[in-house]
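Q: I would like to learn how to read a protein model feature by feature, from the overall layout down to single residues. Could you take me through one?

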Amino acid sequence: MTITAQPLADQDDIHQLKDRIKILEHQLDWFRKQFFGQKSEKRLPDLSPDQIGIESLLCDAPAEQAPPTETVTYIRKKPKVRADNCVTDDGLRFDDSVPVETHEIVPDELKGPDAEQYTIIDYKETHRLAQRPASYVVLKYRHPVIKRKTDQKIISYSAPDAVFEKSLADVSFLAGMLTDKFLYHLPLYRQHQRLTNSGITLSRTTLINLTKRSIALLKPIYDAQLANILKSRVLAMDETPIKAGRSSPGKMKQAWFWPLYGESDEMAFTFSTTRAATHLVPLLEGFEGVLLTDGYAAYDAYC
């Protein structure tokens, strides 16, 4: 059996014929769409013999491709479910300690000359959360000066004792000032601005002195709580850096808080200007239990 290799020229002719078939198939598909597809009603009349045919423009045209598509997804929120402790249908929640002001709405029909023709059969309630400006009040005590008729002796009565002698601050003002500063982190200069906006003139130095004197009154409570913490069987302790005190103009000193957390869910923040173990020795004197800390070397030195 003899196998004869096909000449290379014949292979080139085959490839050219295949390409030509593809072009003709593309042209045939296009003409089918013009006559039988959606564009058949828009088909142009026969062209003039002198005009270039459309097939000459489509010989090298690529096959039409479907336009790209994309999948669009979205997330739909579920309807909000009101909690069981909602006081109102709008979702407002508050406890019994919140004051509620009731405003009665009187319709025009109940105020006119024909008011007797209407009667109230029910009430609907709408709640809205409102805010009042910071409330300060000046307490004025009027203590009488009396005279006894028998011997004409004059007797005067003084106002109730203040927290600090000859101080202008009531105990409620001192408690509110410390709460705003240390619980809600409202600095004294902002409290001073709030006082000024409320029409009260007071120096910032007065606020600073009142804060220092009020803190001194709380020290026995702090000492008693710290002593109870040190009785814990397991004591957690850590140290955190803070800036306290002025070292030079525009700069503050480096200091540390050493917080202690006991078994009674109590915490005390002890203060030190150093991070050395010398702060631990007097602080934990007499402590017998488990000390829970991180890997800082000062705790190893103490142990």
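A: What follows is a reading of this predicted model, moving from the overall layout to helix packing and then to individual residues.

Q: Where does one begin, and how many helices and strands does the protein have?

A: A reading usually starts with the elements and their order. The protein has seven helices and seven strands, and along the sequence they follow the pattern α-α-β-β-α-α-α-β-β-β-β-α-β-α. Of its 303 residues, 15% count as buried. Among the contacts with a separation of 6 or more, residues 24 or more positions apart account for 45%.

Q: How should I read a single helix, and what span does α5 reach from its first C-alpha to its last?

A: The general idea is to compare the end-to-end span with the span expected from the number of residues, and then to look for a bend. Helix α5, residues 204-229, has 26 residues and reaches 36 Å from its first C-alpha to its last, which is close to the 38 Å expected at 1.5 Å a residue. The helix α5 nevertheless bends by about 40° at L218, and a proline, P220, follows within four residues.

Q: Which residues of α5 are buried, and what covers them?

A: The general idea rests on periodicity: an α-helix has 3.6 residues a turn, so residues three or four places apart point the same way. In this model the buried residues of α5 are L207, L210, T211, S214, L226 and I229. Their cover includes the helices α3 (171-182), α4 (188-197) and α6 (280-283), and it also includes the strands β3 (234-237), β5 (251-261) and β6 (267-272).

Q: How do I read the packing of two helices, and at what angle do α3 and α5 pack?

A: One looks at the angle between the axes, at their separation and at the residues that make the contact. The helices α3 and α5 pack at an angle of about 95°, with their axes 10 Å apart, and α3 and α5 are therefore roughly perpendicular to each other. On the α3 side the contact is made by F173, L174, M177, L178, K181 and F182, while α5 contributes L207, L210, T211, S214, I215 and L218. Of these, L207, L210, T211 and S214 are also among the buried residues of α5.

Q: Which residues make the contact between α4 and α5, and what is the handedness of their crossing?

A: Here α4 and α5 pack at an angle of about 125°, with their axes 10 Å apart, and that angle makes α4 oblique to α5. The contact is made by L188, Y189, H192 and L195 of α4 and by R204, L207, I208 and T211 of α5. The crossing of α4 and α5 is right-handed.

Q: At roughly what angle do α3 and α4 cross?

A: The axes of α3 and α4 come within 10 Å and cross at roughly 130°, which makes α3 oblique to α4. The contact is made by F173, M177, D180 and K181 of α3 and by L188, Q191, R194 and L195 of α4. The crossing of α3 and α4 is right-handed.

Q: Turning to single residues, where is Y136 found, and which residues does it touch?

A: For a single residue one asks where it sits, how accessible it is and what it touches. Y136 is found in the loop between α2 (54-57) and β1, and Y136 is partly exposed, with a relative accessible area of 26%. Leaving aside residues up to four places away in sequence, Y136 touches F173, Q191, R194, L195, S198 and I200. The C-alpha atoms of Y136 and S198, although 62 residues apart along the chain, are separated by 7.4 Å.

Q: How does the reading go for a residue in a strand, and which residues does Q254 touch?

A: The steps carry over. Q254 lies in strand β5 and, at 33% relative accessibility, counts as partly exposed. Beyond residues up to four places away in sequence, Q254 touches P241, I242, K243 and T273. Q254 and T273 are 19 residues apart in sequence and 6.9 Å apart in space, C-alpha to C-alpha.

Q: What about the backbone, and what is the phi of Q152 and of K166?

A: Here one checks the sign of phi together with the residue type. Q152 has a positive phi of about 60° although it is not a glycine; Q152 lies in the loop between β1 (145-147) and β2 (154-156) and, at 47% relative accessibility, counts as partly exposed. K166 likewise has a positive phi of about 60° without being a glycine; K166 is placed in the loop between β2 and α3 and, at 82% relative accessibility, counts as exposed.

Methods
Residues are numbered from 1 along each chain as its sequence is written. This is a predicted model: local features need pLDDT of at least 70, side-chain atom pairs count only at pLDDT 80 or more; totals for chains, interfaces and linings use all residues. Side-chain values use heavy atoms; hydrogens and water are left out. The expected span of a helix is 1.5 Å times one less than its number of residues. The bend at a residue is the angle between axes fitted to the seven residues ending there and the seven starting there. Buried means under 20% relative accessible area, exposed over 50%, partly exposed in between (1.4 Å probe, protein chains only). Contact means heavy atoms within 4.5 Å. Axes are lines fitted to C-alpha atoms, for helices over the stretch in contact, and angles run from 0 to 180 degrees between N-to-C directions. Angles under 35 degrees count as roughly parallel, over 145 as roughly antiparallel, 65 to 115 as roughly perpendicular and the rest as oblique. A crossing is left-handed if the near helix is turned anticlockwise from the far one by less than a right angle, and right-handed if clockwise.
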